[in-house]
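Trainee: Got a minute to go over this one with me? I'd like to start with the ligand.
Mentor: Sure, pull it up.
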Amino acid sequence: MSVPASERERAEVLRRSIEYHNDRYYRQDDPEIPDAEYDRLLRELQDLEARYPELRRADSPTQRVGAEPVSSFDEVEHRLPMLSLANAFDEQELRDFDRRVREALGIERVRYSAEPKLDGLAVSLLYQDGILTQAATRGDGHRGEDVTAQVRTIRDVPLRLRGSEGADGWPSLLEVRGEVFLTYARFEAINEHARRSGGKVFANPRNAAAGSLRQLDPSITAARGLSMFCYGLGAVEGASWSDSHSGSLVRIAHWGLPVSPEQRVVEGVEDCIGYHTAIGARRNQLDYAIDGVVFKVDRRPDQERLGFVARAPRWAIAYKFPAQEELTTVEAVEFQVGRTGALTPVARLAPVQVGGVTVSNATLHNMDEIERKDVRIGDTVYVRRAGDVIPEVIRALPERRPFGAEPVQLPAHCPVCHSDVLRAEGEAVARCTGGLFCPAQRKEAIKHFASRRAMDIEGLGDKLVSQLVDTGLVEDPADLYRLSLEQLTQLDRMGEKSAQNLLAALDTSRRTTLARFIYALGIREVGEATARALAEHFGDLDALMGAGAAELLAPAGIKGVGIKTAEALVSYLEGHPDESPEPSPGVSVQEALAEWLATRPIRGLKPDAARAIAERFERIERLRGISAAALAAGQASPIEGIGPVVAAHIRAFFSQPHNREVIAKLRDPEIGAIDWEAPSDTAMVEPGRASAPLNGKTVVITGSLSLPRDEIKRRLEAQGAKVTGSVSKNTDLLIAGADPGGKLSRAQDLGIEVVGEEALDDLLAG
Ligand SMILES: NC(=O)c1ccc[n+]([C@@H]2O[C@H](COP(=O)([O-])OP(=O)(O)OC[C@H]3O[C@@H](n4cnc5c(N)ncnc54)[C@H](O)[C@@H]3O)[C@@H](O)[C@H]2O)c1
C-alpha cells in the first residue's frame, strides 16, 4: 500500500518533534511539554508506522529508548540493554496485554509482580565481588553515562553488599537496575533554594532527580538527597539465580539493596486492576511521585519465552495513571476575594481533561506567582491537578505565546465591593481594604468584631454570625446593635431567653476601650498590641482615622547622619542662630540649603548627607529647634509596632468610604453602639480605672486558678495593672494558684506581696 504524501509528511514532523522533546527531556532535564502530550505524539507515530510499515525506520524514536549519553560524562556500555516499557493507558489495554501473554504461554492465569512505577530515572548498578564498582544512566539503552561518583552519594545505595559471596550469597558480578528519584519534600526544598538563589527551577520531581544525578560535581548530587528503589536485574555471573522476578527482589533486598515496600505478587488480570486501583487511591499520600503501576510476568522462564520487541520487553507493561499535567490556554484571569480579603487570581482555561476530570479554572495563587511564572492571557500553560488539590497553573510556555498576549493586571478595586485593592510593599498577596463592608469578608469581619479579645460579645458564636448574615439581618458589625428581640427569636433554634441574653451582651459590649474597638475593626496587621499602641498614641478615633503616613511613621533615618553628626549639626545651628543660606536666582531653597550645610564646619557632615538633609527638611527653619536624636532617628515609628506595611494597611482601611460609613454607623448616637472613655484618657482604660487600686501595679500570675489565665490577665489589665510573665524586684503582686512553682519562692525571697485564689474575686472586682 502506498503511503499518502500527507501521512508521510506527518510522520516526519512527528519524528522531528519527538527527537526534539527527547533531547529536552533526557539530555537537558527540562521538558517543554507535559508527558501526556509527548505520549500522544509517540502514539500517533506508532499508529502511523503500524498502518504503513514502510514508514518504520530503524532510527525512528518508536524503535529506540531515551537519548544518547551527553559527552560531558564518560560512556558506559550496558552488558544487557536497559529497555523502556510498553504502556497501557486504560483497563482495556491492560486486558489486551494479559490476553496476549496468556495466549503466548498457553496458560489460564498469569502470576505478575506488581510494582509502583516510580517517576525518576533508571540507573544500573554494577557490583563486583560485592562492591559497587560502576553506576550508569540508561542513556539510549545500550550506552549510558557513567555516574558512579554521583550514585555513591545516594544514601540508599550500599557501597558494599551485605552477606557473602557464594551459594546463598551474592554472585561475583551483579547488575541491579532501579529508579533514582526525589521525595516531594526534597523536590520542594531544591526548587525553593533555586528560586531564592536564582537557579534552575525544575518542572517536576523526575526532572529534578535527573538534573541532580547528572551533575559533574558529585558534591552537588550529595546535597540534593536522592533516593533509590531497585526493581530488576541486568547481567548476573557466577551464581545460580532465582527463577522468579519476585524471588530476585527478595534476595537483593536481603543484601541491603532498597526495594519498594509496595511490591506484591498478584494472580490474574482482575488482581492487577485491584492493585492499580488501590495504589492509585493512595497515590497522593506517598511521599514520592509515581505515574502508574508496572506488571511483570513473574516466572523467569516465561519471561524468556516472551522475549522483547524493539524497545521494551513483551513480559511487562506500565499501566499509567491518568496524567496530572496537561496543556491548555488561558482565556482570561479573574480575581476572587477570599474570606479575609485576599485576592486570588484564577485562570479561566480552555477546558481540558486532567487527572480524569475536566478542568476549566486553575489557581494562579497571587500576583507574585503570576509575575514569577510570567503567565499572560492567551498563553499556553501547563496545568496540574493532583488528587483533590485545586488545579494550578504550573508555568507558561513563552515559546507558544501568541502575538498580543496580555499581561495580567491587578485590579485597582475589589471586584466584590469596589473598595481599593492594596498590595503592600513586599507582600505577595493583594487585598481588598473594605474589610468592614465587603460582602466577601462579612462573616469573618463580624466574627472578629464579636470575638472575646475584641468587643467580647458573649453568645455571638460563629454559627450565629453565619445565620445572621445568611438571613440578611446583619450586613456589617453596626447592624448587630440594631437587632430586635423579635428578629432574633425568629431565627432557627433561638429561644427568647438566648435572644435576651444576646441583646444584653451586645449592650454590655458597647462600653469598651478605644484599643479594643480599634482591634475589633479587623484592620490587616493590626493586632491587639498595635491597637493598644495606636489608642495610646492618638487618644481618639478621629485622630487615628485622619492620620497620614507622616504621623504613623517617623521619617526614616538619613543616610550618613549618625547621632554624632546630628549632634554636631544641632550645636552648630544653636551657635549660629542668625546664619542662613543666601537665596540666589536659579537655585532652589533646597539646593541652597544643601550647599550651605555642606560648606559649614560641621564635623562628619559629608556633602551627600548634607543633600539628603536638605531634601528631607527643605528649609533651614525646619531644622532649627530639632533634637539631635530626632534628626538621626532610625526607621522606627513613633508608635510601637508600626512599620511601612502596617501604616499602609491602616491608611488604606480608613480611607475607604465604605469602612467609614460603617464606623459612623457604629458611633451613631441613636444606636449608641460605642461608648468609650473620654478621648483624653489613654483610652486603654475601662471606665473608672484611674482610681482603681491596681492602677499602675505590676502583677504576675502563677499556678492554676479557677479562671483561665487569659481572662484574669484581661480583667487585671482593665483595671490598669501591668501583667508580666516573671517575678522581679519591680513586681508589686504575685497571684499564686495551686502548684505555684518557682515564681512563688522567688517572690517570697524578694518580699513581694503574694495572694491566693481566695483574693481573686475581690481583685477582679476592683
Ligand atoms: N515531556 C516530554 O517532553 C517527554 C519526552 C520524553 C519522554 N517523556 C516521558 O518519559 C516516558 C517515556 O519514557 P521512557 O521510555 O523513558 O520510560 P517509561 O517511563 O515509559 O517506562 C520505562 C521506565 O520506567 C521506569 N520504571 C519505574 N518504575 C519501574 C519499575 N517498577 N519497573 C521497571 N521500570 C520502572 C524505568 O526508569 C524505566 O526505564 C513517558 O512517560 C514520556 O511521557 C516525556
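Trainee: So which residues come nearest to the ligand?
Mentor: Keep in mind that this is a predicted model. Of the 24 residues around the ligand, the nearest are His21, Tyr25, Asp35, Ser84 and Ala122.
Trainee: And which elements give two or more residues to that shell?
Mentor: Two helices, α1 (5–27) and α2 (35–51), plus the strands β3 (111–118) and β4 (121–128). The largest share is from α1, with four residues.
Trainee: What's the mix by class in the shell?
Mentor: There are 13 nonpolar residues, seven charged and four polar.
Trainee: OK, domains now. Where does the ligand shell lie relative to domain 1 and domain 2?
Mentor: Between them, because domain 1 (5–55) and domain 2 (75–320) both contribute residues to it.
Trainee: What does UniProt list under "binding site"?
Mentor: The entry is unreviewed, but its list includes Asp35, Ala36, Tyr38, Ser84, Glu115 and Lys320.
Trainee: Let's take Ala36 from that list. Where is Ala36, and what does it touch?
Mentor: Ala36 sits in helix α2. Leaving out residues up to four places away in sequence, Ala36 touches Ala323, Glu325 and Glu326.
Trainee: Why does Ala36 count as partly exposed?
Mentor: Because Ala36 has 18 other C-beta atoms within 10 Å, and buried would take 20 or more.
Trainee: And Tyr38, what does that one touch?
Mentor: Tyr38 is in helix α2 too, and it touches His21 and Ile33, again not counting residues up to four places away in sequence. Tyr38 is partly exposed, with 18 C-beta neighbours inside 10 Å.

Methods: Residues are numbered from 1 along each chain as its sequence is written. This is a predicted model: local features need pLDDT of at least 70, side-chain atom pairs count only at pLDDT 80 or more; totals for chains, interfaces and linings use all residues. A residue is near a molecule or strand if its C-beta atom, placed from the backbone, lies within 6 Å of it. Ala, Val, Leu, Ile, Met, Phe, Trp, Tyr, Cys and Pro count as nonpolar, Asp, Glu, Lys and Arg as charged, and the others, Gly among them, as polar. Domain bounds come from an automatic or database domain assignment. UniProt positions are given in the numbering used here, feature names are shortened, and annotations may be inferred rather than shown by experiment. A residue is buried if 20 or more other C-beta atoms lie within 10 Å of its own, exposed if 12 or fewer, and partly exposed in between; C-beta atoms are placed from the backbone. Two residues are in contact if their C-beta atoms, placed from the backbone, lie within 7 Å.
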